[in-house]
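Biologist: I would like a close look at one part of this model, the paired strands and what surrounds them. Please take me through that part slowly and in a connected way.

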Amino acid sequence: MQEWQIVLVEWDDITSHDGAWLDLKEAEEYSPTPMKTMGFLLKDEPDYVIVVSTASEILDVVGSTNAIPRGCIKKITKLSDVNAESPP
């Protein structure tokens with residue numbers, strides 16, 4: 001039986017402007033956007049983590065998958081463990 005951790009990942013995301021032109025003073029006010037992702041820790045690698053928020057108990061599928069680069073991560077908080085053949 002595999003143990004799955006439920007985690008809260010606090011990380012910084014890119015803030016961008018897709019328009020053609022942006023005033024220089026407005027552009028200088030941009031900063032990364034703080035984000036929070038909570039779910040099952042699927043993979044914990046040196047360069048990134050993968051968190052999924054939905055998983056099937058009977059099928060080998062997951063949903064709402066996020067691969068978050070370590071350089072963007074501010075904090076990972078372990079919320080609990082779940083023992084199961086697959087995430088609940």
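Which residue in strand 3 is the bridge partner of Phe-40?

Modeller: The bridge partner of Phe-40 is Val-52, which belongs to strand 3. Before building on that pair, I should say that this is a predicted model, and every value that follows is computed from it. Along the protein chain, one helix and five strands are found, and from the N terminus on these elements follow the order β-α-β-β-β-β. Of the 88 residues in the chain, 24% count as buried.

The pair of Phe-40 and Val-52 brings us to the contact of strand 2 with strand 3 (residues 48-55), where the two strands run antiparallel and are joined by four bridges. The connection between strand 2 and strand 3 is a hairpin, with three residues leading from one strand to the other.

Strand 3 also pairs with strand 4 (residues 62-69), again in the antiparallel sense, and here seven bridges are found. Within this second pairing, Ile-50 has Ala-67 of strand 4 as its bridge partner. A hairpin is formed here as well, with six residues lying between strand 3 and strand 4.

Strand 4 holds one backbone detail that deserves attention, at Ser-64. Most residues other than glycine have a negative phi. Ser-64, however, is not a glycine and still shows a positive phi of about 50°.

Moving from the backbone to the charged side chains, a search of the whole structure gives two salt bridges. In one of them, the side chains of Arg-70 and Asp-44 meet at 2.0 Å, N to O. This pair ties together distant parts of the chain, since Arg-70 sits in the loop between strand 4 and strand 5 while Asp-44 is in strand 2, 26 residues apart. Arg-70 counts as partly exposed because its relative accessibility is 29%, and Asp-44, with a relative accessible area of 49%, is partly exposed too; the upper limit of that class is 50%, so Asp-44 falls just short of being called exposed.

The side chains of Asp-12 and Lys-74 form a salt bridge as well, with an N to O distance of 3.4 Å. Here too distant parts of the chain are linked, with Asp-12 in strand 1 (residues 2-13) and Lys-74 in strand 5 (residues 73-84), 62 residues apart. Lys-74 has a relative accessible area of 59%, and therefore counts as exposed.

On the N-terminal side of strand 2, the picture ends with a group of acidic residues, as Asp-23, Glu-26, Glu-28 and Glu-29 together form a negative surface patch. Among them, Glu-29 is located in the loop that lies between helix 1 (24-28) and strand 2 (33-44). Because its relative accessibility is 65%, Glu-29 counts as exposed.

To return to your question, Val-52 is the residue that partners Phe-40, and strand 3, to which Val-52 belongs, pairs with strand 2 through four bridges and with strand 4 through seven.

Terms used
Residues are numbered from 1 along each chain as its sequence is written. This is a predicted model: local features need pLDDT of at least 70, side-chain atom pairs count only at pLDDT 80 or more; totals for chains, interfaces and linings use all residues. Side-chain values use heavy atoms; hydrogens and water are left out. Patches are made of residues with over 30% relative accessible area and no salt bridge: like charges are joined within 9 Å, nonpolar side chains (Val, Leu, Ile, Met, Phe, Trp, Tyr) within 5 Å. Accessible areas come from the Shrake-Rupley method with a 1.4 Å probe; for residues, only the protein chains shown count as cover. A salt bridge is a side-chain nitrogen of Lys or Arg within 4 Å of a carboxyl oxygen of Asp or Glu. Lys and Arg count as positive and Asp and Glu as negative; His and the chain ends are not counted. The place of a charge is taken as NZ of Lys, CZ of Arg, CG of Asp or CD of Glu. Buried means under 20% relative accessible area, exposed over 50%, partly exposed in between (1.4 Å probe, protein chains only). Two strands pair if DSSP finds at least two bridges between them.
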